[in-house]
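Please read the report below beside the sequence and the 3D view, which are shown first. The text then moves from one region to the next.

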Amino acid sequence: MDWTKTNISATIDFNAQGRQIGDLRVPWSGNEQPLGYLPVPVAVLKNGTGPTLLLAGGTHGDEYEGPALLLHTLHSFDPVHLRGRIIMFPALNAPAVAARSRCSPLDDGNLNRAFPGDGSGGPTRMIAQFIEDVVLPECDAAIDFHSGGNACVFASLAMVYLGAVTADEKSLALAEAFNAPYTWAAEFAEQGTFNAAAIRKDVPMIATELGGGGNVNPHMVQLASDGLLRVMHYLGMLDGSVDVPEPGNRTVDIDVNMNGKIYSDRQGLFLPAASPGQPAKAGETAGTLYSVPEPERDPSIVCFLEDGIVLSVVNRGIVSRGELLVMTGKTTATACDD
Ligand SMILES: [Zn+2]
């Protein structure tokens, strides 16, 4: 790793064999620790030679399924069964995770909009630049585990963003190996995202959406744990003694366009009519918006704009104008494993 490209240092050796657990030291002189450093937890599991897989959770600080999965894996997976290296950040935007907040309280930074980052910027942009310029060039594959956070609840979804020079095929293969119930291959990644950084560095990558709602959904964590083992198996990173979970028997490829995003046109109390994973039908009720301060006002019925699958539902109760209420995806292919 080229540490000359960053002001961040680490308390562990990324090339040592076995299990290393420590801190990234992000230089930051704030009120709480003016002469200390900002710790970002990092772990490296390494055994022999093989691919390097980057795993991130807590890119958004209010999404807990990813951090739960990574901490569980860190303490339960014996690196003796590994062929290669896992670089793991269970709480990548650590100040945001500590604050149970999507964005960092130190600089209001949304890490998944902060790439390519800035080595002399605030902590969020420093972390982004470190990942893009120092970590990603060392990696053969990457997974960034997101969920709905406080704002919404998602169906279990793997996302691939296309546009890399050579990595697209392998990104699709990662998603297939992960085998989430829903897979979305998007043509475009916003430039500030982790996925866009992987595209710039030509590293195969998937992201996930796994539940959310400010909670830890154990079903989603198990699903992601199974998917992670299948990805490691696909990459040739497991010895023969690890049981690799069988893929699920139903996966659906979906696509999301503007008709799949239903935004609120007013402030109100939103009563959803469907849950993530349920079918959506154009013209049918997606939910009802009620006015709390003007209860005599007629409620507003919000309808699905197209046929598909409900991918996410807002988790706010009271919503404001412009808020994403429901997201649906159009089914493009269904694969069944016999
Ligand atoms: Zn997220």
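Helices (H or I, at least four residues) and strands (E, at least two) are DSSP runs, numbered from the N terminus. In these terms, T251 has its place in strand β10 (residues 251-255). This is a predicted model, in which local features need pLDDT of at least 70 and side-chain atom pairs count only at pLDDT 80 or more, while totals for chains, interfaces and linings use all residues. Residues are numbered from 1 along each chain as its sequence is written, and side-chain values use heavy atoms, with hydrogens and water left out.

**Two positions and their distances**

Accessibility is described in three classes: buried means under 20% relative accessible area, exposed means over 50%, and partly exposed lies in between (1.4 Å probe, protein chains only). T251 is buried, with a relative accessible area of 12%. From C-alpha to C-alpha, T251 lies 27 Å in space from C139, and the two are 112 residues apart in sequence. P247 is found in the loop between α6 (218-234) and β10, and with a relative accessibility of 40% P247 counts as partly exposed. P247 and F304 are separated by 57 residues in sequence and by 31 Å in space, again from C-alpha to C-alpha.

**The zinc site**

Donors are N, O and S atoms within 2.8 Å of the metal (3.2 Å for Na, K and Ca), and water is not among the atoms, so sites may look incomplete. The zinc ion has as its protein donors H60 (ND1), E63 (OE), E63 (OE) and H146 (ND1), at 2.0 to 2.3 Å from the ion. Along the chain, these donors follow the spacing H-x2-E-x82-H. H60 and H146 link distant parts of the chain, since H60 sits in the loop between β4 (52-57) and α1 (65-76), whereas H146 belongs to strand β6 (residues 141-146), 86 residues apart. Both H60 and H146 are buried.

Why is the arrangement around the zinc ion irregular? The four donor atoms subtend angles of 58 to 148°. Four donors count as tetrahedral if all angles lie between 85 and 135 degrees; four count as square planar and six as octahedral if opposite donors are over 155 degrees apart and all others between 65 and 115; anything else is irregular.

**The largest pocket**

A pocket is found on a 1 Å grid over the protein atoms alone, as an open set of points where a 1.4 Å probe fits, with protein on both sides within 12 Å along at least five of seven lines; its lining residues have an atom within 4 Å of a point. Grid points are joined across faces, edges and corners, and a volume is the space filled by probe spheres set on the points. The largest pocket holds about 980 Å³ of space. It is lined by 41 residues, of which R102, R113, F154, E209 and K261 are the closest to its centre. The elements that give two or more residues to this lining are β6, β7 (152-161), β8 (182-186), β9, β16 (308-314) and β18 (324-335), and the largest share, four residues, comes from β7.

Two strands pair if DSSP finds at least two bridges between them. Strands β7 and β8 run parallel and are joined by five bridges, with L157 standing opposite Y182 in β8. Four of the five residues of β8 are buried, so this strand is largely enclosed by the rest of the structure.

**An open sheet**

Four strands form an open sheet in the order β15-β14-β12-β17, with antiparallel pairing. Its edge strands are β15 (300-303) and β17 (318-319), each of which pairs on one side only. Four bridges connect β14 (residues 285-290) and β15 in the antiparallel sense, and T285 stands opposite C303 in β15.

**Salt bridges**

A salt bridge is a side-chain nitrogen of Lys or Arg within 4 Å of a carboxyl oxygen of Asp or Glu. A search of the whole structure finds 10 salt bridges, and the table gives some of them.

| Pair | N to O distance |
|---|---|
| D133 and K201 | 3.5 Å |
| E294 and R297 | 3.5 Å |
| R316 and E323 | 2.7 Å |

D133 and K201 link distant parts of the chain, D133 being in helix α3 (residues 123-135) and K201 in the loop between α5 (194-200) and β9 (205-212), 68 residues apart. D133 is partly exposed at 23% relative accessibility, and K201 is partly exposed at 33%. R316 counts as partly exposed at 44%, whereas E323 is buried, with a relative accessible area of 15%.
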